[in-house]
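I opened a new page for this one and went through the model piece by piece. Here are my notes, in the order I looked things up.

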Amino acid sequence: MTNPATHPAPPEVRAALRRATSHLHEQVDAAMPLSRTAPGLADYRAHLQLLAPWVESLATLGVERSRLQAEAQAIDADIRECARLLGTDAPATRRMAASPVRSAGAAFGLGARYVLEGSRLGATFLHRRLADALAPHPLAYLSGAGWAREGAWRDFLAQLQRQVVSGEDIDQACEGADAAFHLLLEHCSAA
């Protein structure tokens, strides 16, 4: 028996998810406020304000509500810190409303969660790039606030290995990831 920590996910699952979403990943990267050449604190706030409703909408794709609540709290905390530093009012903290979940299998929800967990992994790179430029804001969300702990990405990939095993599961996971990216693009377009 192999150790999931040393083989975090079947290569075909990760490769299939990357192939299915790489074009969407590029679109999202280009659309986000932090993709500007020299983003400022207002851009960071705009970034968070795009992520907030997207995170909430992931519940409709089968992502666990407890996971999403941790994200929402971390986003809200950083939005309040942006408002304080910018000298503006912070929007009221939202509560996650109950949303109907699409009728899909567990692999679909894991595909949607793949996008969320991947965005959190990418946030650490953004943190390194922006920490000095956006100081004194601590950029807590980008540095990992709301993400369970060190090793969360590896643990998530191990979960993929255990639960996304058949070709049908892989197809469903790709559909869930596609849906999560499209939801984020919809929020970007609406902004």
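Before counting anything, I needed one definition: two residues are in contact when they have heavy atoms within 4.5 Å of each other. I also jotted down that this is a predicted model.

**Entry 1: the overview.** I looked at contacts between residues at least 6 apart in sequence, and 81% of them join residues at least 24 apart. Then I went through the secondary structure and found six helices and zero strands. Along the sequence that reads α-α-α-α-α-α. Of the 191 residues, 45% count as buried.

**Entry 2: the core.** Which residues have the most contacts inside the largest nonpolar core? They are Tyr44, Trp54 and Leu160, in a core of 55 residues. I then checked which elements give two or more residues to this core: H1 (11-31), H2 (41-57), H3 (65-86), H4 (106-130), H5 (152-163) and H6 (167-190). The largest share comes from H6, with eleven residues.

**Entry 3: H3.** I tried a length check here. H3 has 22 residues, so at 1.5 Å a residue it should span 32 Å; the end C-alpha atoms are 31 Å apart, which agrees. Next I looked for its buried residues, and among them are Arg67, Leu68, Glu71, Ile75 and Cys82. The buried residues of H3 pack against H2 and H4. I also picked out Gln69, which is in H3. Buried or exposed? Gln69 is partly exposed, because its relative accessible area is 37% and the partly exposed class runs between 20% and 50%. Its C-alpha atom is 8.0 Å from that of Glu56, and the two residues are 13 apart along the chain. After H3 comes Gly87, which has a positive phi near 70°.

**Entry 4: H5.** Same length check, on a helix of twelve residues: H5 should span 16 Å at 1.5 Å a residue, and its end C-alpha atoms are 16 Å apart, so that agrees. Its buried residues include Trp153, Phe156 and Leu160.

**Entry 5: H4 against H6.** How do the axes of H4 and H6 cross? They come within 6 Å and cross at roughly 45°. That angle makes H4 and H6 oblique to each other, and the crossing is right-handed. On the H4 side, the residues that meet H6 include Ala107, Phe108, Gly111 and Tyr114. Their partners in H6 include Gln172, Ala173, Gly176 and Phe181.

**Entry 6: Glu117.** This residue is in H4. Glu117 has a relative accessible area of 1%, so I wrote it down as buried. What does Glu117 touch, if I skip its neighbours within four places in sequence? Arg67, Trp147, Trp153 and Phe156 are in contact with Glu117.

**Entry 7: the loop between H4 and H5.** I kept one general point in mind here: most residues other than glycine have a negative phi, and most peptide bonds are trans. Pro136 lies in this loop, and a cis peptide bond joins Ala135 to Pro136, with omega about 20°. Leu139 is in the loop between H4 and H5 too. Leu139 isn't a glycine, but its phi is positive, about 50°. I checked its exposure as well: the relative accessible area of Leu139 is 0%, so Leu139 is buried.

Terms used:
Residues are numbered from 1 along each chain as its sequence is written. This is a predicted model: local features need pLDDT of at least 70, side-chain atom pairs count only at pLDDT 80 or more; totals for chains, interfaces and linings use all residues. Side-chain values use heavy atoms; hydrogens and water are left out. A nonpolar core is a set of buried Ala, Val, Leu, Ile, Met, Phe, Trp, Tyr and Cys residues joined through side-chain atoms within 4.5 Å. Buried means under 20% relative accessible area, exposed over 50%, partly exposed in between (1.4 Å probe, protein chains only). Helices (H or I, at least four residues) and strands (E, at least two) are DSSP runs, numbered from the N terminus. The expected span of a helix is 1.5 Å times one less than its number of residues. Axes are lines fitted to C-alpha atoms, for helices over the stretch in contact, and angles run from 0 to 180 degrees between N-to-C directions. Angles under 35 degrees count as roughly parallel, over 145 as roughly antiparallel, 65 to 115 as roughly perpendicular and the rest as oblique. A crossing is left-handed if the near helix is turned anticlockwise from the far one by less than a right angle, and right-handed if clockwise.
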